[in-house]
Amino acid sequence: EIIESAEDAGGGFSLLLSLRCRNVNLMKPVELSLDPSLLQLIGDEGRLEIALNDSRHMIKLSKQQLGRLCEEYGLFTLNYQAENNRVYKIRFLSSEGREIEELYGDISFVLPAESELSYICASYSGGKSYADGSENRGGSFDKEAGTISFEVSRSGRYELIGEEALLFDIAELDEETKKAAEFMASMEFIKAIDGNFRAQQPIKRGELVAAVGQMFLKTDKSRSVDSRDVLPSDPAYDFLAASVDSSIVQGYEDSSFGGELPASRQELLTICAKTLVAKNICEYPKDPESLLSFSDKSNIAGYAKEPAALAVQQQLIPATGSLRPEAAASRGFAALVLYKMYQSLDH
């Protein structure tokens, strides 16, 4: 069933082309062929949505995404199969039937999910994977729809994970930080060790970049890192590459990254602010000084003043009190700031 829905885009004309496939057995391979002829059916600001049986199993592409893929591959095929209600195999095939390990662009997928603790864990064909054989792809949970959406560019196996982490050492934390720690550990953005979150310990620069990368950035295997102390086998390598490419993270003058060093509180706020700006969520305040009411604001480094003001503006941190910008950022502080970002972003 093909549903075409015209929308007035205020002077322009866009088209939502919705393809609804009914009575599809998702336990068997489903093949969807996409070719340039679809572009003629979609307006400049239009998009393509493919629903497999219901709106909880969907594939979505903007015209720009579809155009880029068709330009690169011409006709290509998406092969989709459910192993069960939590594991899905997704493969991309060229017009010659050859598997495409990685697309030049992303496709959005929607799957049923149970809670905000749900996330997607991916393992890939062709030997492209992290040291432990899998990658946390995160995902955006929609409570009302009961779904999770995530971006896919590589052929692989995608598993829905949703187990709440059991943490033994968070009882003394305030409720807001406790919830953030539970979320971050459950999603494995900041990993617990032996059931302990270690909220008071400093977060390392490598841990911070890996968390920000998993939560908010897209990786690209073609990117590289020019740091003498970061190897491609490092679990944070691809996220660091994405961060450097987006000008979110910088190394030191001696070409090192210092992934094992503690991240300071002002470094953490700077990375968070740059992420928000890079994702076009907000801009730096025009009058940052007016937002810096901390008792120790004179200790904030020049590079961190605008980011700290933006963090206040976005309610990531309180507007008053002591900031302690040069102090090491604790894992609990990092979890709370990143969790607030995650709640507010359409990632």
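Start with a weak spot: over residues 127–132 the pLDDT stays under 50, and for this stretch the model has 11 contacts beyond four places in sequence. That is worth knowing up front, since what you're looking at is a predicted model. Another stretch to read with the same care is residues 1–14, where pLDDT is below 50. Those residues still make 29 contacts in the model beyond near neighbours in sequence. Strand β1, residues 2–8, has the lowest confidence in the chain, with a mean of 44, while α6 sits at the other end with 97. Taken over the whole chain, the average pLDDT is 84, and 88% of the residues score at least 70.

Now for the inside. In soluble globular proteins, nonpolar side chains tend to be buried together. Here the largest nonpolar core has 67 residues. If you want to find the residues with the most contacts inside this core, look for Ile-190, Phe-197, Leu-268, Ile-317 and Leu-338. Several elements supply at least two residues each: strand β10 (119–124) does, and so do the helices α2 (175–186), α3 (205–216), α4 (237–245), α5 (265–278), α6 (305–313) and α7 (331–344). The largest share comes from α7, with 9 residues.

Leu-338 is a good place to zoom in. Leaving out residues up to four places away in sequence, Leu-338 touches Met-184, Ile-190, Leu-208, Ala-211, Val-212, Met-215, Phe-216 and Cys-272. Apart from the largest core lies another one, of 39 residues, and among them are Ile-90, Phe-92, Ile-100 and Phe-109.

Next, the empty space. The structure holds 1 cavity of 30 Å³ or more, and the volume of the largest cavity is about 30 Å³. Its lining is made by Arg-205, Leu-208, Val-209, Val-249, Phe-257, Ala-263 and Ile-271. Helix α3 gives the most to this lining, with 3 residues. By type, the lining has 6 nonpolar residues, no polar ones and 1 charged one. Leu-208 turns up twice on this tour, as a lining residue of the cavity and as a contact of Leu-338.

A few single residues deserve a stop. His-57 is found in the loop between β4 (47–52) and β5 (58–62). Is His-57 buried or exposed? With a relative accessible area of 11%, His-57 counts as buried, because the cut-off for that is under 20%. Setting aside residues up to four places away in sequence, His-57 touches Leu-26, Ile-50, Ala-51, Leu-52, Tyr-80, Tyr-88, Val-110, Leu-111 and Pro-112.

Pro-112 also leads us on to Asp-142: the C-alpha atoms of these two are separated by 9.5 Å, with their positions 30 residues apart along the chain. Asp-142 is part of strand β12 (residues 140–142). At 36% relative accessibility, Asp-142 is partly exposed.

Finally, check the backbone at two loop residues. Asp-194 lies in the loop between α2 and α3, and its phi is near 55°, a positive value in a residue other than glycine. Asn-280, in the loop between α5 and α6, has a positive phi too, near 60°, and is likewise a residue other than glycine. How accessible are they? Asp-194 counts as exposed at 69% relative accessibility, and Asn-280 counts as exposed at 68%.

Terms used
Residues are numbered from 1 along each chain as its sequence is written. This is a predicted model: local features need pLDDT of at least 70, side-chain atom pairs count only at pLDDT 80 or more; totals for chains, interfaces and linings use all residues. Side-chain values use heavy atoms; hydrogens and water are left out. A nonpolar core is a set of buried Ala, Val, Leu, Ile, Met, Phe, Trp, Tyr and Cys residues joined through side-chain atoms within 4.5 Å. Buried means under 20% relative accessible area, exposed over 50%, partly exposed in between (1.4 Å probe, protein chains only). Helices (H or I, at least four residues) and strands (E, at least two) are DSSP runs, numbered from the N terminus. Contact means heavy atoms within 4.5 Å. pLDDT is the predictor's confidence in each residue, from 0 to 100. On a 1 Å grid over the protein atoms alone, a cavity is a set of points where a 1.4 Å probe fits but cannot get out, and a pocket is an open set with protein on both sides within 12 Å along at least five of seven lines; lining residues have an atom within 4 Å of a point. Grid points are joined across faces, edges and corners, and a volume is the space filled by probe spheres set on the points. Ala, Val, Leu, Ile, Met, Phe, Trp, Tyr, Cys and Pro count as nonpolar, Asp, Glu, Lys and Arg as charged, and the others, Gly among them, as polar.
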